[in-house]
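Work through the following exercises with the sequence and the structure in view, and try each task before reading its solution.

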Amino acid sequence: MNSRLRVALLIGVLVLVAGCSGTGNRGSTGGYVSANGEITKVDVADRKDAPTLEGKDLDGRPITSRTYAGKTLVVNVWGSWCPPCRKEAPALKVVSDEYAAKDVQFIGILVRDDVSSAKAFNRKVGITYPSIDDYSNRTGLGFASSLPAQAIPTTWIIDSAGRVAVRIVSENLTASTLSGLIDDVQADAA
């Protein structure tokens, strides 16, 4: 691993650890750094390849984003302990259900949480898309070279060519906003 990648990964780990510790500078409460409402869209020509996401799902089975090659991916970093994550979950569920037949796949990255709490939360909300169990969020650090996570929750939209197109860092993500962003990303690919 080259030194620039090591530094980027180390910075990413430090940001996430600080963010989860409740000592951040953006309205930290409850052990997380609250999102700032930022939506970053990347022009098609400037998009960078998304990392391959892989690990074990909440049932301990292997999962990889390669399975969904050619689809638009919506990747959400979350934890059942995180109030903004709980708040946005119904919107994620609605859009994941609505877009399942439109070549869109949702994948969660579960961080700093135990699997039993996460599974109970998903059952309560009705979320059926898979999540990677990644307590330390090493999976999410793969975005360091494109659009790194800045808070929990963070959501990325990856275009059908496997490039990072959008990063959403918002406590108030709505179904209509997410749907519109997915539509924009898919229109760019047409």
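**Exercise 1: A tryptophan and its surroundings**

At 6% relative accessibility, Trp 78 counts as buried, because the limit for this class is under 20% relative accessible area. This value, like the others below, comes from a predicted model.

Task: Find out in which strand Trp 78 lies, and which residues Trp 78 contacts beyond its neighbours within four places in sequence.

Solution. Begin with the location: Trp 78 lies in strand S4, which covers residues 72-78. Next, set aside the neighbours within four places in sequence, and the contacts that remain for Trp 78 are Cys 85, Gly 108, Ile 109, Leu 110, Val 111, Ala 118, Phe 121, Asn 122, Ser 131 and Ile 152. Then look at one of these partners, Leu 110, whose C-alpha is 5.2 Å from that of Trp 78 although 32 residues separate the two in sequence. Finally, examine Ser 131, whose side chain makes a polar contact of 3.0 Å with the side chain of Trp 78.

**Exercise 2: A serine in a loop**

Task: Decide whether Ser 80 is buried or exposed, and list what Ser 80 touches when residues up to four places away in sequence are not counted.

Solution. The first step is to place Ser 80, which is found in the loop between S4 and H2. The second step is to read its relative accessibility of 13%, and Ser 80 therefore counts as buried. The third step is to collect the residues it touches beyond four places in sequence, namely Arg 86, Leu 110, Asp 113, Ser 117, Ala 118 and Phe 121.

**Exercise 3: Two helices that meet**

Task: Describe how H2 and H4 cross, and sort the residues of their contact by class.

Solution. Two packed helices are described by the angle between their axes and the distance between the axes. Here the axes of H2 (residues 83-99) and H4 (residues 175-189) come within 9 Å, and they cross at roughly 40 degrees. That angle makes H2 oblique to H4. The handedness comes next, and the crossing of H2 and H4 is right-handed. On the H2 side, the contact is made by Ala 91, Leu 92, Val 94, Val 95, Glu 98 and Tyr 99, while H4 contributes Ala 175, Leu 178, Ser 179, Ile 182, Asp 183 and Gln 186. Sorted by class, the contact of H2 with H4 has eight nonpolar, two polar and two charged residues.

**Exercise 4: Backbone angles in the loops**

Task: Determine which residues a cis peptide bond joins, and where Asp 103 and Arg 112 are placed.

Solution. Start with the peptide bond between Ile 152 and Pro 153, which is cis, with omega at about 5 degrees. Pro 153 itself lies in the loop between strand S6 (131-133) and strand S7 (154-158). Turn now to Asp 103, a residue other than glycine whose phi is positive, near 60 degrees. Asp 103 belongs to the loop between H2 and strand S5 (104-110), and with 46% relative accessibility it counts as partly exposed. Arg 112 is likewise not a glycine, yet it has a positive phi of about 45 degrees. The loop that holds Arg 112 runs between S5 and helix H3 (115-125), and a relative accessibility of 35% makes Arg 112 partly exposed.

**Exercise 5: The whole chain**

Task: State how many helices and strands the protein chain has, and in what order its elements run.

Solution. Counting gives four helices and eight strands. Read from the N terminus on, the order is α-β-β-β-β-α-β-α-β-β-β-α. As a last step, note that buried residues make up 46% of the 190 residues in the protein chain.

Technical notes. Residues numbered from 1 in each chain as written. Predicted model: local features only at pLDDT ≥ 70, side-chain atom pairs only at ≥ 80, totals over all residues. Heavy atoms only, no water. Axes fitted to C-alpha atoms, helices over the stretch in contact; angles between N-to-C directions. Helix = DSSP H or I, 4+ residues; strand = E, 2+ residues; numbered from the N terminus. Parallel < 35°, antiparallel > 145°, perpendicular 65-115°, else oblique. Left-handed = near helix turned anticlockwise from the far one by under 90°. Contact = heavy atoms within 4.5 Å. Nonpolar A, V, L, I, M, F, W, Y, C, P; charged D, E, K, R; others polar. Buried < 20%, exposed > 50% of the residue type's maximum accessible area, 1.4 Å probe, protein only. Polar contact = N/O pair within 3.5 Å; in protein donor to acceptor, adjacent residues only side chain to side chain.
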